[in-house]
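Dear colleague,

I am handing over the structure shown below, together with an account of what was found in it. Please keep it open while reading, as the notes go from single residues to the chain as a whole.

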Amino acid sequence: MNGYFRIAATQTSTNLELFAPTDGGSPIRSSEVISYLTGKGIQYDAGTLGKAIDTSVTKDTHVTLCMMPLGPFAESSDITVSQDKMEAVLRLYSASVGGANLDESDIRNDLASKGVKYGILDDVIKDVIVNPRYCEDIVVAKGTPAEESVDGYVEYLFNTDRNQRPALLEDGSVDFFHLNVLQACAKGQEIARLHAEVKGEDGTCVDGSRQRSRDPRQAGFRYGANIEPSVDGLTLISQVDGNVSLVGGQVFVNSSMEFDEVGPATGNIEFDGSVEIKGNIDTNFEVRVKGDVTVNGVIEGAYVEAGGNIIVVRGVNGMGKAELKAGGNIIAKYLENVNATAGGYISAEAIMHSTVCAGSDIIVDGKKGVLSGGHASAGGHVEVKNLGSEMANDTIVEVGMSPQIKKEIMDLRNQAAEKQKTLDSIKPVLNNMAMKVKSGVALTEEQKGYVGQLIKAQKAADEELANIMIRLNDLESHFDVDTPAEVKVKGVAYPGSRVCINEVSMSVKTPTKYCKFVKLRGDVKITAYD
């Protein structure tokens, strides 16, 4: 029980009895005592009172307030309504010796004077009258909180993880028969399901007013060719056999074409779906597809662009001419003298004298696991067996998001929050005006003009927020601000190699085995591999 106080008057003085807390209760608040005495117009000596309150923390005590009898004082209450109007809290103050106690109607009248008329806890009030608890917060009315609304969402019925990695065989080579990166789908197969938003029930505050449930966000499908929604609009269905993928929040199904090789007999290839090439892609030829490119042979000095993944079973011998661009991942036996860019990760058993850039990670593993010569940059981390070579080839490895991209993502997030804040401030005003019109209240011309301005502002903010989110989703699908940037070397990091992490770098001076490069206290440091 909390500590509390009580006025006790004799024929010649007015005294204050102070009772220590019991069973872990809170001690008396000096501010509460002073407020009570001031409200009753009782004089006191501040120093003497303060010492008595300090003593009451551990034991009962009393203090003489003034040398004249005052009172008696009836039991009193203080009702506080929470800021969100979802609770009314009662604090009782003891009657003086000989003073009258409150009854149930007194407390109900106090609640009514504070505007409390809903959610009154009758059992609590009855118990307080029988078993009063002084100087303690007692909840005597509770509102019914609004139910949480559920936002609509799209459930994708296929694996959307763009960072799936190809399986490694026991000898360390890549298993090109089980790459785990293509998601096959059949004609007529459901590939996504729409879950509609659910509006929560409104709540009721203790003053009887309504607590509105949050308006849930709607969700909808975004999809490309070869896909149709079901009759009820709740699922997406593939119209062809192909590969299904999620790129920038949009579902794609790409049908496939096969070629023996790409060269003089075929010319350049441009296709909306996916392409499988059984042989090679010759020098100076181009392959541009919106789906995936699978090459079972070798890519020579060719240009290959895919909206999805690029998979090269035998590797790329680019002769300084080859250029690969993938919206997804690039997986190859090896990359030599090639310029390669992937929105996802790049995985190879060797990368030599090439310029490669990955939105997420670069993994150079397998039998050789060599990254030597050229420039490799990754938004996530780089993991290799051997970095550089004994010949001290100039090899630059850069990891971590560029400061420009990181700043743009942060700026877009802030802009989105501001636009949402603007929308949240407009919506209640429009709802209030709509309720007035619905109840028969005629709006003035000034109010009508104001509503028109708000509607225009809401539409503009909605459009701006949509554009911001499209750009933000595109960046975040390629880059992760929170990804720890590091370079891991399972074998040897050779001199001639330079590691850059964000804006700082270091050059390898001596061969270093089984190590990891990380950014510590503003510098690149070499630590033990873990």
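Ser56 is buried, with a relative accessible area of 0%. The model is a predicted one, and in it Ser56 occupies the loop between helix H2 (46-55) and strand S3 (61-66). If neighbours within four places in sequence are set aside, the residues in contact with Ser56 are Leu18, Phe19, Ala20, Pro21, Ile28 and Thr61.

One of these contacts, Phe19, leads to the aromatic residues. Phe19 is itself buried, at a relative accessible area of 17%. Tyr4 also counts as buried, with 17% relative accessibility. Seven aromatic pairs are counted. In the pair formed by Tyr4 and Phe19, the ring centres are 4.6 Å apart and the planes stand at 20°; since planes under 30 degrees apart count as stacked, this pair is stacked. The pair links distant parts of the chain, with Tyr4 in strand S1 (residues 4-9) and Phe19 in strand S2 (residues 14-19), 15 residues apart. Together with Tyr134, Tyr4 and Phe19 form one aromatic cluster.

A further pair is made by Tyr36 and Tyr93. Their ring centres are 5.9 Å apart and their planes are at 40°, so this pair is classed as tilted. Because Tyr36 lies in helix H1 (residues 30-40) and Tyr93 in strand S5 (residues 87-93), the pair ties together parts that are 57 residues apart in sequence. Tyr36 is buried at a relative accessible area of 9%, and Tyr93 is buried at 11%.

Another ring has a charge placed over it: Lys488 lies over the face of Tyr529, 5.1 Å from the ring centre.

Turning to a second loop residue, Lys278 is found between strand S18 (274-277) and strand S19 (286-289). Is Lys278 buried or partly exposed? With 48% relative accessibility, Lys278 counts as partly exposed; the limit for exposed is over 50%. Apart from neighbours within four places in sequence, Lys278 is in contact with Glu258, Phe259, Asp260, Asn296 and Gly297. From Lys278 to Gly267 the separation is 11 residues in sequence and 15 Å in space, C-alpha to C-alpha.

Three places in the backbone should also be noted.

- Gly71 and Pro72 are joined by a cis peptide bond, with omega about 0°. Pro72 is placed in the loop between S3 and strand S4 (76-81).
- Asn337 is not a glycine, yet has a positive phi of about 55°. Asn337 belongs to strand S26 (residues 335-342) and is partly exposed, with a relative accessible area of 28%.
- Arg521 likewise has a positive phi, near 50°, in a residue other than glycine. Its place is the loop between strand S37 (512-520) and strand S38 (523-528), and at 76% relative accessibility Arg521 counts as exposed.

The nonpolar interior can be described next. Which members of the largest nonpolar core touch the most other members? They are Leu324 and Ile362, in a core of 53 residues. Not counting residues up to four places away in sequence, Leu324 touches Ile299, Val304, Ile310, Val316, Ile330, Leu335, Val338, Asn339, Ala340 and Thr341. A second, separate core has 34 residues, among them Tyr4, Phe73, Ile107 and Leu111. Tyr4 thus appears both in this second core and in the aromatic cluster with Phe19 and Tyr134.

Finally, the chain as a whole. The protein chain contains six helices and 38 strands. Its radius of gyration is 37 Å, well over the 24 Å that the globule rule gives for 530 residues, so the chain is more spread out than a compact globule. Along the principal axes, the C-alpha atoms fill a box of roughly 115 × 65 × 45 Å. Of the 530 residues, 41% are buried. Among contacts with a separation of 6 or more, 44% come from residues 24 or more positions apart. The accessible surface of the chain is about 27200 Å², and carbon and sulfur atoms account for 50% of that surface.

With kind regards

Terms used. Residues are numbered from 1 along each chain as its sequence is written. This is a predicted model: local features need pLDDT of at least 70, side-chain atom pairs count only at pLDDT 80 or more; totals for chains, interfaces and linings use all residues. Side-chain values use heavy atoms; hydrogens and water are left out. Rings of Phe, Tyr and Trp (its six-membered ring) pair if their centres lie within 6.5 Å; planes under 30 degrees apart count as stacked, over 60 as edge-to-face and the rest as tilted. Helices (H or I, at least four residues) and strands (E, at least two) are DSSP runs, numbered from the N terminus. Buried means under 20% relative accessible area, exposed over 50%, partly exposed in between (1.4 Å probe, protein chains only). A charge sits over a ring if NZ of Lys or CZ of Arg is within 6 Å of the ring centre and within 35 degrees of the ring normal. Contact means heavy atoms within 4.5 Å. The radius of gyration is taken over C-alpha atoms; the globule rule is 2.2 Å times the number of residues to the power 0.38. Accessible areas come from the Shrake-Rupley method with a 1.4 Å probe; for residues, only the protein chains shown count as cover. A nonpolar core is a set of buried Ala, Val, Leu, Ile, Met, Phe, Trp, Tyr and Cys residues joined through side-chain atoms within 4.5 Å.
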